[in-house]
Amino acid sequence: MSAVELAGLRKSYADVTVLDDFSLRANQGELVTLLGPSGCGKTTTLRCIAGLERAERGEIRIGERLVACPERRVFLPPNRRDIGMVFQSYALWPHMTVFGNVAYPLRVRRRDRRERQRAVMEILAMVGMDSYAHRPVTELSGGQQQRVALARAMVARPAVLLFDEPLSNLDAKLRRSMRREIRDAHDRSGGTSIYVTHDQEEAITLSDRVVVIRGGKIQQVGTPKEIYTKPATRFVADFIGFENLLTATVSEARDGSTAVKLTSGAGPVWTSKGITRAPGTEVVLAARADELEIGSPGSPGEAPAAAIPGVIRSRTYAGGRVEYLVEAAGAQVVVRAPEAGAAGSTLEAGSDAWVRFPVDAAVLVDDDNAERAPQAAEQTVESVPLRGAT
Ligand SMILES: Nc1ncnc2c1ncn2[C@@H]1O[C@H](COP(=O)(O)OP(=O)(O)OP(=O)(O)O)[C@@H](O)[C@H]1O
Ligand SMILES: [Mg+2]
């Protein structure tokens, strides 16, 4: 039984502090993803867990074991932490065959020859590479090398698997199928996995829980559905693909619903999703382009109440839908609408249009441009495994 727990971790390189008071828990059996932009400290976090970096402060526990704590002079080397790691660069030994690479962790653990043979062939069959056992790894494609790296990380059945952007060198189609294989491998291993990515789609489709990181600080922790539908801050909303982020002020709040006026004066827009704040509070209205409606003021029976007038600046075919960039409410609003839906109205670049936020199309989020202190640390400790939750 091996949960992974980081408490109050601090890690700096020279005079740059990458992680400060960083706390996180992945429960036994969970696949937790660390999602954040380049340089936010994802790899640093993984390397601290693996024992490839030493933190200056804080604790790391794997299961019941304290594996690192500078204050108590505890530091277990990587080979004593019972982990397997998959790197973005594969990091296979080029002078060895597929078999040799995958057998290596078992040699280090002094497993006997027969046991090595059995375990290696079993794990290679699982990743579909058993017929390549005697090939030099230099004669494999990128996807095949990544499968070998996965087999090598798993062969000794470690309690914890760490993945550092393992799929970013693969093409989009292979990435999707490997994603499923990694999820299967995690489920079969029965262990705990921590997976690092900057790809929001990967995080959403793969994880039990997602941890969004910005500049070494946790912004939000939640199930993929929570993160996707209820981002807590502007940063998370932006990172998770909300194309529209409009500053607004709460004008009315009742029965769990909130009306906001956009900073440009347009509105009110009503929603019951996201944070609730008192009238007068500045917030951000976050909306996905696919959830907004667009129409032409010239069409009879249209222009519903609460529609915001604007002008279409551009119109791009987006495969089944059309993406409109509309200047409305003093901002650029992106709307993606079915091509057929716009029938009868003139929705060309340069023409007038209205944009409507259907109730609940938008989510209210906090404006974190002022680097508001996140409150996520408590959230992580309380959370329970949510395997299978959507
Ligand atoms: N060995 C090092 N020496 C000095 N600074 C480092 C070192 N390794 C990382 N850093 C710095 O620490 C910060 C966090 O780096 P880290 O590799 O953890 O980011 P990341 O989230 O994994 O980014 P990416 O998505 O680009 O891999 C960055 O500013 C980076 O420049
Ligand atoms: Mg990295």
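The points below describe a ligand site, a helix and a surface patch in a predicted model.

1. Basis. In this predicted model, local features need pLDDT of at least 70 and side-chain atom pairs count only at pLDDT 80 or more, while totals for chains, interfaces and linings use all residues. Residues are numbered from 1 along each chain as its sequence is written, and side-chain values use heavy atoms, with hydrogens and water left out.

2. Surroundings of ligand 1. The shell (residues with a heavy atom within 4 Å) includes Tyr13, Val18, Pro37, Lys42 and Glu165. Helix 1 gives the largest share of this shell, three residues.

3. Polar atoms at ligand 1. Oxygen atoms of the ligand make polar contacts (N or O pairs within 3.5 Å). One such oxygen is 2.5 Å from an N or O atom in the side chain of serine 38; another distance, 3.2 Å, is to a polar backbone atom of cysteine 40. For the side chain of glutamate 165, the distance from a ligand oxygen to an N or O atom is 3.4 Å. On its own, ligand 1 has 640 Å² of accessible area (Shrake-Rupley method, 1.4 Å probe), and the protein covers 57% of this.

4. Helix 1. This DSSP run (H or I, at least four residues) spans residues 42-50, and seven of its nine residues are buried, meaning under 20% relative accessible area with a 1.4 Å probe and protein chains only. Among them are Lys42, Leu46 and Ile49. Glycine 51, just after helix 1, has a positive phi of about 90°.

5. Tryptophan 93. This residue sits in the loop between strand 7 (83-86) and helix 2 (98-108). Its relative accessible area is 30%.

Terms used
Chains are lettered from A and ligands numbered from 1 in the order in which they are written. Helices (H or I, at least four residues) and strands (E, at least two) are DSSP runs, numbered from the N terminus. Buried means under 20% relative accessible area, exposed over 50%, partly exposed in between (1.4 Å probe, protein chains only). A polar contact is a pair of N or O atoms within 3.5 Å; within protein, one must be able to donate a hydrogen and the other to accept it, and residues adjacent in sequence count only if both atoms are side-chain atoms.
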